[in-house]
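This report describes the architecture, the charged pairs and the internal spaces of one protein. The account begins with a helical residue pair and then widens to the rest of the chain.

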Amino acid sequence: MDSTGIKVEGEGEWLRRKHGASKRRVWRKIHIGIDEETLEIRAVEVTSGNAGDAPMLPELLKQIGLDRQIATVTADGAYDTRACHDAIADRGAAEIIPPRRNARPWKRDSAGARARNEILRASKPLGRALWRNWSGSHRRSRVETKMNCVKLLGQRLMSRDFDRQVAEVQIRAAVLNRFTALGIPLTVAMG
């Protein structure tokens, strides 16, 4: 799971560019979830620029049908919250979320808390760097690469209405999924 900010082109933008008028810019945050095997975007959420990443993870998971199995959820430390761990555990998925540096075991006994405490127990003796290599945390770079592709289609949203901005982002996701379906480059090590 990943998120990024994107600027909204709107009223007064021309004035700002042409004459340097000061008007507060509006940003939207895009949150996506991808299928690690096919690299297709499976879930998209658009929020205001001040929305946090962690509250969106349960919403992204809801977009993936219950008939589709989720093997793992890989995310960064911003998603190390009870709600995220519980939502992942409810879907029966393994979680690869690095605990925060000052993390302590959680006392509440839920499936999400147990899974998070297990990650904490495994990462303490190994150290954070070794745990990341061992757990496969580096696979998170795939969603960051896909987010870069979203931005390559444009760093601005042209619609003024929020619902139309959501539709604009969903169209971008559909276009990227079509590109992905056409083919993914195969990289082979030469040596």
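## A buried charged pair and its surroundings

Arginine 172 and glutamate 168 are both buried. The two belong to helix α7 (residues 162–182), where four residues, about one turn of the helix, separate them. Their side chains meet in a salt bridge, with an N to O distance of 3.6 Å. The model under discussion is a predicted one.

**Overall architecture**

The protein contains seven helices and six strands. Along the sequence these elements follow the order β-α-β-β-α-β-α-β-α-α-α-β-α. Of the 191 residues in the protein, 42% are buried. Among contacts with a separation of 6 or more, 49% are between residues 24 or more positions apart.

**The β2–β3 hairpin**

Strands β2 (residues 27–34) and β3 (residues 41–48) pair in the antiparallel sense through seven bridges. Within this pairing, histidine 31 has glutamate 45 of β3 as its bridge partner. The two strands form a hairpin, with six residues between them. In the turn, leucine 39 adopts a positive phi of about 65 degrees.

**Salt bridges**

Eight salt bridges are found when the whole structure is searched. Three of them are set out below.

| Salt bridge | N and O distance |
|---|---|
| Glutamate 36 and arginine 142 | 3.2 Å |
| Aspartate 80 and arginine 116 | 3.1 Å |
| Arginine 172 and glutamate 168 | 3.6 Å |

Glutamate 36 forms its salt bridge with arginine 142. Because glutamate 36 lies in the loop between β2 and β3 and arginine 142 lies in helix α6 (residues 141–152), the pair ties together parts that are 106 residues apart in sequence. Glutamate 36 counts as partly exposed, at 24% relative accessibility, and arginine 142 is also partly exposed, with a relative accessible area of 39%.

Aspartate 80 forms a salt bridge with arginine 116. This pair likewise links distant parts of the chain, 36 residues apart: aspartate 80 is in the loop between β4 (72–74) and α3 (82–90), and arginine 116 is in helix α4 (residues 111–126). Are these two partners buried or exposed? Aspartate 80 counts as buried because its relative accessibility is 5%, and arginine 116 is buried with a relative accessible area of 4%.

The pair in α7, arginine 172 and glutamate 168, completes the table with its 3.6 Å separation from N to O. Elsewhere, Asp35, Glu40 and Arg42 are joined into one network by salt bridges that share partners.

**The cavity**

Rolling a probe the size of a water molecule over the atoms shows where empty space is left. The structure holds one cavity of 30 Å³ or more. The largest cavity encloses about 30 Å³ of space. Which residues line the largest cavity? Its lining consists of Ile30, Ile32, Ile41, Val44, Val150, Val169, Arg172 and Ala173. By class, seven of these are nonpolar, none is polar and one is charged. Each of β2, β3 and α7 supplies at least two residues of the lining, and α7 provides the largest share, with three residues. Arg172, which forms the salt bridge with glutamate 168, is thus also one of the residues lining the largest cavity.

**The two largest pockets**

The largest pocket holds about 470 Å³ of space. It is lined by 19 residues, of which Ile34, Asp35, Glu36, Ile70 and Thr72 are the closest to its centre. At least two lining residues come from each of β2, β4 and α6, while β4 makes the largest contribution, three residues. The lining divides into seven nonpolar, four polar and eight charged residues. Glu36, close to the centre among the lining residues, is also the partner of arginine 142 in a salt bridge.

The second largest pocket has a volume of about 280 Å³. Among its 15 lining residues, those closest to the centre are Leu39, Lys146, Cys149, Thr180 and Ile184. Two or more lining residues are given by α6 and by α7, with α6 giving the most, five residues. Its lining comprises seven nonpolar, four polar and four charged residues. Leu39, named here among the residues closest to the centre, is the turn residue of the β2–β3 hairpin that has a positive phi.

Technical notes
Residues are numbered from 1 along each chain as its sequence is written. This is a predicted model: local features need pLDDT of at least 70, side-chain atom pairs count only at pLDDT 80 or more; totals for chains, interfaces and linings use all residues. Side-chain values use heavy atoms; hydrogens and water are left out. Two strands pair if DSSP finds at least two bridges between them. A salt bridge is a side-chain nitrogen of Lys or Arg within 4 Å of a carboxyl oxygen of Asp or Glu. Buried means under 20% relative accessible area, exposed over 50%, partly exposed in between (1.4 Å probe, protein chains only). On a 1 Å grid over the protein atoms alone, a cavity is a set of points where a 1.4 Å probe fits but cannot get out, and a pocket is an open set with protein on both sides within 12 Å along at least five of seven lines; lining residues have an atom within 4 Å of a point. Grid points are joined across faces, edges and corners, and a volume is the space filled by probe spheres set on the points. Ala, Val, Leu, Ile, Met, Phe, Trp, Tyr, Cys and Pro count as nonpolar, Asp, Glu, Lys and Arg as charged, and the others, Gly among them, as polar. Contact means heavy atoms within 4.5 Å.
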